[in-house]
Amino acid sequence: MLFKFEDFKAYLFRKSVKMFNLYQHMKSGDTKEQKEPETTGHDRFYQERSRSSYRKKKRGGACRRAQSAAEFNPESVAAANKRDAFRIRSVSTDKEESEEENSERTPLVAQKIDSLAKLLFNKSIMGSGSGKSSPSEPTASPRLAEQSMESSVALAICNEYLSHSTRYSMISSLNPIGSRASKKWFAIHDNSIKADRLLILTPLSSKCPIEQNEHSRELIMELFRALHHPYIYPVLDLELCNGHALAVLPYNSRGSLKDLIYKSTWSDEYSRKYGSTGTGLPPTQVARFGRQILEGLLFLKEKGFPPFRHLHSGNVMVQNGVARLCGLENTLIGATPRPPARSAALERVETLSLGHVLFEMCAGADTDLTLLPDLANNYSQVVDIIEMLFGPHPPNLHELLLCELFRKIDLREMKGSCLPNFSQRLSRSCLSLLGEVARRQQTPPRRAPGSPGTPPTRRRYVQLDQDYTEEWQW
C-alpha cells in the first residue's frame, strides 16, 4: 500500500511539472493581431520619443547608517564651525550696508512713484471725462481691428472643430508665420499619442473642387494614406467646415528650409523673420536637398497628383537633414499660388519652382539671375542647372534626375526593409477627384461681363468602392 501511494505521488508531481511547462510559454497577446489603424494620424518616417523611455530607471542604493557624534573627525568639525561663523558675520555686514543704501534711496524712489501715479491718474481722467481719447494718442487703425476680428472668428471655428473631436485639444494660437494673411495657425495636442500638432485654418475660395460631405473626406483620407513617403510631409487630417479648410500637420520645431537659410525662428512673424539677407547653404547640402525635393515631385507625379504649384522654400520642411514637401492641401482646396508660379505654364511650373528654391539655397535671397556669375565659383554645377531651368528649353523632372549633380546623391531614406509599398493604387473615385482638381488648374473659371460673381458649379466625381490598377496618365 505504501508503494502504491509513493507511485501516485510521483505521478502527480510529473503531471504538475508538465502543465507548468505548457502554460509557461503561452502569451495572452498571441490570439490578437495588431493591425495599423486606417488613419493618417501618424508619420511613419519621423517619430519623436522621449529619451527617458528607452532607459531603465536606476534603482536607489541601499540606505546607509547615519554617523554618530563620536565618529566625526574633531578637526573637520572645528573647520565647519569657523566657516559658519564667517558666513553669519558676512551676511549681517551685507544686510547693514543694504539697509543704509535703501534708506538713502527711499525718498527718490517715493518721489518717482508719486509722479508716475499722478501722471497715470490725470491721463485716465482725460480719457474718461469726455468719453474720448486724448488728441495725442494715436487711434487704432481699421486694419488692426479687422485683423483682431478675423483672429476671433478663426479661433471660434477651430474651437467648434475641436469640440466635435475628443482626439485634439487646443494649446494656443500662433503668430502669422506664413506669407498668406488669411491663414491662421494654432498649436494643438493629440491626446491619442500624446504629441503636439499644428492646425492650419484656410478660407475656401470658389475654385475649391471638394464638396463638404463625408464621402469627400473618405477620398481625401485615402489619398493622404497613399502619399506616405520619406520626402513628403504628411497631412494627418483635413476637414472642411464653415467655408474653411482645417489641416492637421506634424509639429516641427526645426521649421522650414527658409528658416534654415535665414537662421530664423519658425514661430516668429513672417514679416520679421526674413527681413535680412540669408546665408547660402554648403554645396553638398544644396545638392542633397535638391535631389530629395526632386524625388518628392516625381512621387507625386506617379500618384496622379496635379502639378504642385505651391513649391517654395517655405513649403519644404527639414527634419533630421531631410527635405520634405509640404502644403499639399493647398492644391486640393484650390488655393492661389504665389506670384512666381501663378503665371507659369503647368508643364513648367514645377521645374521653375525648383529653380527658385535652388537659387535661394545658394544665394540666401530671392531669385536674381544677374547674381549667377557671382555664385559660379562655389556652386558651379548648381548654376548650370539653374541656367537650364530658366532657359528657353528647360528639362523635365526625369531629365533633371540624370544630371551629374543629382545622380551621385545617396538616398539613405529610400533604403531598408521597413519602408511601405509605394506602388499603392488609388481608387477610381480618388483619381476622379484629382482629375477635377487638375481641370480647375488648367481652365480657370471665367465670368461674363456684368454677371454677378457666382461660384461655378462643382463637378461630381464617381462614387465607387472598388480599386483599379490603372495608372493616371498626364
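This passage walks through a predicted model of a protein, from its overall make-up to a few helix pairs and single residues.

To begin with the whole chain, the protein has 15 helices and seven strands. It runs to 474 residues, of which 36% count as buried. As for how the chain meets itself, take the contacts between residues at least 6 apart in sequence: 68% of them join residues at least 24 apart.

A good place to start looking is helix α10, residues 349-363, which takes part in two of the helix pairs described here. One partner is α12, residues 380-389: the two axes come within 9 Å and cross at roughly 150°. The crossing of α10 past α12 is left-handed. On the α10 side, the residues in contact are Thr351, Leu352, Leu354, Gly355, Leu358, Phe359 and Cys362, and on the α12 side they are Val382, Ile385, Ile386 and Leu389. Sorted by class, this contact holds nine nonpolar residues and two polar ones, with no charged residue taking part.

The other partner of α10 is α7, which spans residues 283-302. Here the axes come within 10 Å and cross at roughly 160°. An angle over 145 degrees counts as roughly antiparallel, so that is how α7 lies relative to α10. This crossing is right-handed. From α7, the contact draws on Val286, Phe289, Gly290, Ile293, Leu294 and Leu297, while α10 supplies Glu350, Leu354, Val357, Leu358, Met361 and Cys362. The tally by class is ten nonpolar residues, one polar and one charged. Leu354, Leu358 and Cys362 of α10 turn up in the contact with α7, and these three residues also appear in the contact with α12.

Back on α12, which of its residues are buried? They are Val382, Val383, Ile385, Ile386 and Leu389. Looking down the axis of α12, these buried residues fall within an arc of 160°, so they line one face of the helix. Their packing partners are α7, α10, α11 (372-375), α13 (397-400) and α14 (404-407).

Methionine 388 also belongs to α12. With a relative accessible area of 37%, methionine 388 is partly exposed, whereas Leu389 is among the buried residues of the helix. Leaving aside residues up to four places away in sequence, methionine 388 touches His393, Pro394, Pro395 and Cys403. There is also a distance to note between methionine 388 and leucine 400: they sit twelve residues apart along the chain, and their C-alpha atoms are separated by 9.8 Å.

Another helix pair, α4 (residues 214-226) and α15 (residues 428-442), is arranged at another angle: the axes come within 10 Å and cross at roughly 90°. Since angles of 65 to 115 degrees count as roughly perpendicular, α4 and α15 are therefore roughly perpendicular to each other. The contact is made by Leu219, Glu222 and Leu223 of α4 together with Ser429, Cys430, Leu433 and Leu434 of α15. By class, that comes to five nonpolar residues, one polar and one charged.

Turning from helices to loops, two lysines stand out for their backbone angles. Lysine 194 is a residue other than glycine with a positive phi, near 55°. It lies in the loop between β2 (184-190) and β3 (195-203). Is lysine 194 buried or exposed? Its relative accessibility is 63%, so lysine 194 counts as exposed.

The other is lysine 263, again not a glycine, with a positive phi of about 55°. Lysine 263 is found in the loop between α5 (257-262) and α6 (270-273). At 59% relative accessibility, lysine 263 counts as exposed, because the cut-off for that class is over 50%.

Finally, strand β3, which follows the loop of lysine 194, contains arginine 197. Where lysine 194 is exposed, arginine 197 counts as buried, at 8% relative accessibility; the limit for that class is under 20%. Arginine 197 and isoleucine 171 are 26 residues apart along the chain, and their C-alpha atoms are separated by 9.5 Å.

Definitions and conventions. Residues numbered from 1 in each chain as written. Predicted model: local features only at pLDDT ≥ 70, side-chain atom pairs only at ≥ 80, totals over all residues. Heavy atoms only, no water. Axes fitted to C-alpha atoms, helices over the stretch in contact; angles between N-to-C directions. Helix = DSSP H or I, 4+ residues; strand = E, 2+ residues; numbered from the N terminus. Left-handed = near helix turned anticlockwise from the far one by under 90°. Contact = heavy atoms within 4.5 Å. Nonpolar A, V, L, I, M, F, W, Y, C, P; charged D, E, K, R; others polar. Parallel < 35°, antiparallel > 145°, perpendicular 65-115°, else oblique. Buried < 20%, exposed > 50% of the residue type's maximum accessible area, 1.4 Å probe, protein only. Arc of directions from axis to C-beta.
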